[in-house]
Amino acid sequence: MTEETGPAVTWSATRDRGRLIAESLGNGVTRLSEEIVAPSERSYFYLVEGSGRDCLIDGGWGLVSKTEAMRLLSARPLVAIASHSHFDHIGLLHLAAERHGHEAEAATFASPDPQATQALPYLEGRAVLENGAALEPSSIVQQTCPLDRFVADGYRLDLGGRALTVFHTPGHSPGSLSILDDRSGFLFTADVVHDGHIYDDIPGADREALLLSHRRLAGVAFTLACPGHGAILRPDAVRDRIERYRRETGV
Ligand SMILES: [Zn+2]
Ligand SMILES: [Zn+2]
């Protein structure tokens, strides 16, 4: 996060939308992010490859062009699981043939207005782009990405050769999901646990629920946590982060 402010640019006037950065994590999992977003503001989303179809876990800011995104996403049928409906995670979800997420945020996926996605007030005057510029919030055209299937805690999505299990982990947002891949043991935690600031005071957030979600995730066996922001975390680092959050909230 940065408090610096840069000149606001209108998105439609930005010609070069940059590259999609793809980093293989092994086990048929690729971490994706957008070059044009400042490193401190980048969100991470993930492509998990099955033998039958691939799953996109979240969709980033969605600032890259469709052509650039399809370069990496068009190989096989694509289903998406949305961890939550904030603007920095839903940008490319519209490219999936089918979207799964929690009913509690269905209205925002269907109609992603900038207040509901938290784009406002977050983007106001904030230097979020790699070149130090801010984005004019009203210039962002957020694609609608309505959910095709509501998923509840314990839902399993079979991709062929591997399955993803969904945990309902509210607190950062009411419908926040964490997702465990049974092949790699990776746990995708989005904004529920990561090594940066965990937002718990925004509309829809609930500190008590977040503490319970953390307690739940602390009991899940996994090999690596793949968050929506910041570094990939080992289980001991996740436990430390959860403990630090608990102390910060004074519980
Ligand atoms: Zn979020
Ligand atoms: Zn986020």
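Which backbone oxygen lies 3.4 Å from a polar atom of the side chain of Arg-99? It's the one on Cys-145. The views below come from a predicted model.

**View 1. The side chain of Arg-99 and two backbone oxygens.** Arg-99 is part of strand 7. Besides the Cys-145 oxygen at 3.4 Å, the backbone oxygen of Leu-93 sits 3.1 Å from a polar atom of the Arg-99 side chain. With a relative accessible area of 10%, Arg-99 counts as buried.

**View 2. What surrounds Arg-99.** Skip the neighbours within four places in sequence, and Arg-99 still touches a run of residues, including Cys-145, Pro-146, Leu-147, Asp-148 and Arg-149. Also among its contacts are Ala-80, Leu-93 and His-94.

**View 3. The zinc ion (ligand 1) and its protein donors.** Three histidines and an aspartate do the job here: His-84 through NE2, His-86 through ND1, His-172 through NE2 and Asp-191 through OD, at 2.1 to 2.3 Å from the metal. Angles among the four donor atoms run from 92 to 169°, and the site comes out as irregular. Along the chain, the donor spacing reads H-x1-H-x85-H-x18-D. His-86 belongs to the loop between strand 6 (78-81) and strand 7 (98-101), while His-172 belongs to the loop between strand 11 (163-168) and strand 12 (177-181), so this pair ties together parts that are 86 residues apart in sequence. Both count as buried: His-86 has a relative accessible area of 5%, and His-172 has 2%.

**View 4. Two zinc ions and a shared aspartate.** The zinc ion (ligand 1) and the zinc ion (ligand 2) are 3.6 Å apart. Asp-191 coordinates both of them.

Conventions:
Residues are numbered from 1 along each chain as its sequence is written. Chains are lettered from A and ligands numbered from 1 in the order in which they are written. This is a predicted model: local features need pLDDT of at least 70, side-chain atom pairs count only at pLDDT 80 or more; totals for chains, interfaces and linings use all residues. Side-chain values use heavy atoms; hydrogens and water are left out. Donors are N, O and S atoms within 2.8 Å of the metal (3.2 Å for Na, K and Ca); water is not among the atoms, so sites may look incomplete. Four donors count as tetrahedral if all angles lie between 85 and 135 degrees; four count as square planar and six as octahedral if opposite donors are over 155 degrees apart and all others between 65 and 115; anything else is irregular. Helices (H or I, at least four residues) and strands (E, at least two) are DSSP runs, numbered from the N terminus. Buried means under 20% relative accessible area, exposed over 50%, partly exposed in between (1.4 Å probe, protein chains only). A polar contact is a pair of N or O atoms within 3.5 Å; within protein, one must be able to donate a hydrogen and the other to accept it, and residues adjacent in sequence count only if both atoms are side-chain atoms. Contact means heavy atoms within 4.5 Å.
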